[in-house]
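This report describes the fold of one protein from its atomic coordinates. It is meant to be read alongside the sequence and the structure shown here.

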Amino acid sequence: MARTPSLEPLAPMPPLDAAINTQRITDDLDRLLEVLPEGVQAALKAPQAREQLLEVVLDLGRIPEARYPGRAVLLGEAVVERSDLAAVVEQLGAFGGDNRAGIERTLHRISAIRNRTGDVVGLTCRVGRAVFGTVAMVRDLMDSGQSLLLMGRPGVGKTTALREIARVLADELGKRVVVIDTSNEIAGDGDIPHPAIGRARRMQVARPEQQHQVMIEAVENHMPEVIVIDEIGTELEAQAARTIAERGVMLVATAHGNELANLIKNPTLSDLVGGIESVTLGDEEARRRRSQKTVLERAAEPTFPLAVEMHSRHRWLVHRDVARTVDLLLRGQLPRPQVRELDAEGQLRCSEPQPAMAAGTSALERPRPTRPQAPALAAKPLPDPQRKAGHLNAIEETGADEAPEPLGPLQLFSAGLSEQLIEQAIRSRRLPVQLVGEVEQADVVMAGRQQLGHSPEIRKRARDAGLPILVIKADTLPQIQRGLERLLQRRGDEEEPTPRSNPSRTAQRDDALEAMEECRLAVEQLVIPQGQPVELLPRSASIRRMQAELASRYRLESAEFGSGHQQRLRIFPR
């Protein structure tokens with residue numbers, strides 16, 4: 001009868017910011033050492049030699065080597081013979097198409113290196129461990145029901161975490177979990193899964209290239225609520241993952257890559273985070289962004305809304321909104337993931353790092369300086385003479401910002417409004433606005449009339465922080481768009497340059513020439529040949545008059561739109 005690993009009853013998982021020193025390790029290391037040459041067994045007999053052992057390497061004609069985190073140790077003085085390799089292979093299960101084998105009902109993995117004729121000339125014997133308790137690092141993410149992607153370099157513990165997540169989802173949360181085990185690395189070798197995955201079911205894959213087919217088969221045949229996959233590495237597997245996610249099934253998977261930025265640059269796996277496409281911006285948008293006209297943008301919603309970068313076994317970076325993180329990276333800004341790490345006493349610490357400026361970031365993208373506390377001021381209406389009254393009911397201002405430095409994206413806290421509608425307004429209008437999770441991190445608070453009345457605490461916190469509160473009439477997309485535009489216009493009015501910073505005559509002349517050329521190209525390439533109305537970039541009143549006169553020479557009508565610094569000319573076709 002096959003030997004069954006003994007597992008102790010598990011204690012309940014502790015909450016975040018609590019001690020999680022309940023981690024226990026089950027490795028069945030003796031089962032692996034039994035199949036190795038006698039000299040290797042003797043060298044690894046001492047308990048200190050087994051501590052943190054990652055893998056044992058047997059290469060033909062070389063001395064065996066034991067690898068530990070950050071170091072390697074030679075085992076004895078005798079070199080590996082062909083008979084040694086043959087003896088090890090005979091005690092293992094069959095090697096699969098990926099040249100991997102295992103020991104039945106253990107988590108150890110043995111990978112073969114073959115010569116040109118197919119003979120085994122090297123073995124990498126990786127120690128498989130079931131570490132119970134690691135899931136506390138991301139337990140709150142599992143409760144959300146959203147798909148989760150784990151990333152990290154090889155050997156950092158992705159598969160170990162995946163195994164424990166599968167067990168907790170199946171045993172403690174009562175989910176129907178199916179594990180797609182391509183190399184038998186998650187649930188061990190043999191037909192009976194290792195107890196480390198709990199009551200989760202395991203589907204084996206005959207050949208690695210069929211993994212994407214087994215993923216779809218699992219959804220169609222076995223009604224899972226959660227699919228667990230190790231090492232998504234091909235475009236077909238990425239497409240299968242998107243198909244599964246669109247059917248409402250939660251995904252938990254791993255991918256090789258140190259951080260989210262690696263997946264964005266990987267054309268094979270970029271679809272996991274939404275995919276990347278090249279977009280050509282209009283003149284106005286390119287000028288507003290201070291970027292080239294051709295930029296990279298996210299093509300779709302990510303397959304995995306949540307992502308974790310595993311930098312070490314005790315330090316994880318959590319991205320709670322992968323879509324926003326990808327958008328920031330593509331705009332040249334650095335994301336702000338939550339850092340979760342274990343200290344020396346086994347305490348889980350969570351922290352939000354301060355944003356850092358990426359290399360090459362323009363002045364408009366720089367983080368905003370810390371605001372000094374300001375005394376309360378009287379209410380001051382936003383100047384907007386061309387807007388209809390009633391769109392924005394009221395604005396309360398309890399402080400002022402006198403920082404002369406250029407401002408970055410407007411940090412907005414939403415009080416009861418739909419964050420999805422706000423994100424949609426930001427994306428559709430390309431507004432330099434960023435949602436934040438705390439009032440104290442914001443530059444301004446925006447709320448609906450009814451929502452603010454139910455949140456006196458937010459009003460008090462905003463007043464204490466010296467933040468203005470913008471109250472809009474309803475939680476609808478048009479109202480939110482108008483509110484965001486008014487906030488940005490107000491901030492632009494506050495940044496109006498002083499007489500000392502007025503442009504020179506040469507700069508004014510260059511701006512006028514550029515504006516007239518913009519108007520000519522718009523008329524000759526869009527308005528007349530395609531019959532499309534075109535809005536030009538915001539300009540001064542004198543330049544707008546010159547552009548209107550030029551349009552009239554083409555016998556075209558024009559009108560002015562916007563207010564303040566955003567006034568611009570729109571040219572209509574005949």
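The text below treats the overall composition, the central sheet, a second group of strands, a pocket and some individual loop residues.

## Basis and overall composition

The structure is a predicted model, in which local features need pLDDT of at least 70, side-chain atom pairs count only at pLDDT 80 or more, and totals for chains, interfaces and linings use all residues. Residues are numbered from 1 along each chain as its sequence is written, and side-chain values use heavy atoms, with hydrogens and water left out.

The secondary structure comprises 17 helices and 27 strands; helices (H or I, at least four residues) and strands (E, at least two) are DSSP runs, numbered from the N terminus. Of the 574 residues, 45% count as buried. Buried denotes under 20% relative accessible area, exposed over 50%, and partly exposed the range in between (1.4 Å probe, protein chains only). Among contacts in the protein with a separation of 6 or more, 62% are between residues 24 or more positions apart, a contact being heavy atoms within 4.5 Å.

## The nine-stranded sheet

An open sheet of mixed pairing is formed by nine strands in the order β11-β10-β12-β13-β9-β16-β17-β18-β19. Two strands are taken to pair if DSSP finds at least two bridges between them. At the edges lie β11 (201–204) and β19 (348–351), each of which pairs on one side only. From one strand to the next, the twist averages 20°. Axes are lines fitted to C-alpha atoms, for helices over the stretch in contact, and angles run from 0 to 180 degrees between N-to-C directions.

Helix α6 (residues 158–172) packs on this sheet and touches β9, β10 (177–181), β12 (226–229), β13 (250–256), β16 and β17 (315–319). The direction of α6 makes about 170° with that of β13.

Strand β9 (residues 148–152) pairs with β16 (residues 306–312) in the parallel sense over four bridges, and L148 has L306 of β16 as its bridge partner. Strands β16 and β17 run antiparallel and are joined by five bridges; a hairpin connects them through two residues. Within this pair, S312 stands opposite R315 in β17. On β17, four of the five residues are buried, so the strand is largely enclosed by the rest of the structure. Strand β17 also pairs with β18 (residues 338–342), in the antiparallel sense over four bridges, and L317 stands opposite V339 in β18.

## Strands β2, β3 and β7

Strand β2 (residues 55–59) is mostly covered, with four of its five residues buried. It pairs with β3 (residues 65–68) in the antiparallel sense over three bridges, and E55 has R67 of β3 as its bridge partner. The hairpin of β2 and β3 has five residues between the strands, and there G61 takes a positive phi near 80°. Strand β2 is also joined to β7 by five bridges, the two running antiparallel; in β7, the bridge partner of D59 is G122.

## The second largest pocket

The second largest pocket holds about 1,200 Å³ of space. On a 1 Å grid over the protein atoms alone, a pocket is an open set of points where a 1.4 Å probe fits, with protein on both sides within 12 Å along at least five of seven lines, and lining residues have an atom within 4 Å of a point. Grid points are joined across faces, edges and corners, and the volume is the space filled by probe spheres set on the points.

Of the 42 lining residues, L54, R129, G155, G157 and R313 are the closest to the centre. At least two lining residues come from each of β7 (120–126), α6, β13 and β16, and α6 gives the most, with five. The lining divides into 13 nonpolar, 14 polar and 15 charged residues. Here Ala, Val, Leu, Ile, Met, Phe, Trp, Tyr, Cys and Pro count as nonpolar, Asp, Glu, Lys and Arg as charged, and the others, Gly among them, as polar.

## Individual loop residues

Most residues other than glycine have a negative phi. Positive values occur at Q52, near 60°, and at M223, about 50°. The table gives the loop positions and accessibilities of these residues and of L417.

| Residue | Loop between | Relative accessible area |
|---|---|---|
| Q52 | α3 (47–50) and β2 | 53%, exposed |
| M223 | α7 (211–222) and β12 | 59%, exposed |
| L417 | β21 (410–415) and α12 (419–429) | 7%, buried |

The C-alpha atoms of L417 and A474 are separated by 8.8 Å, although these residues are 57 residues apart along the chain.
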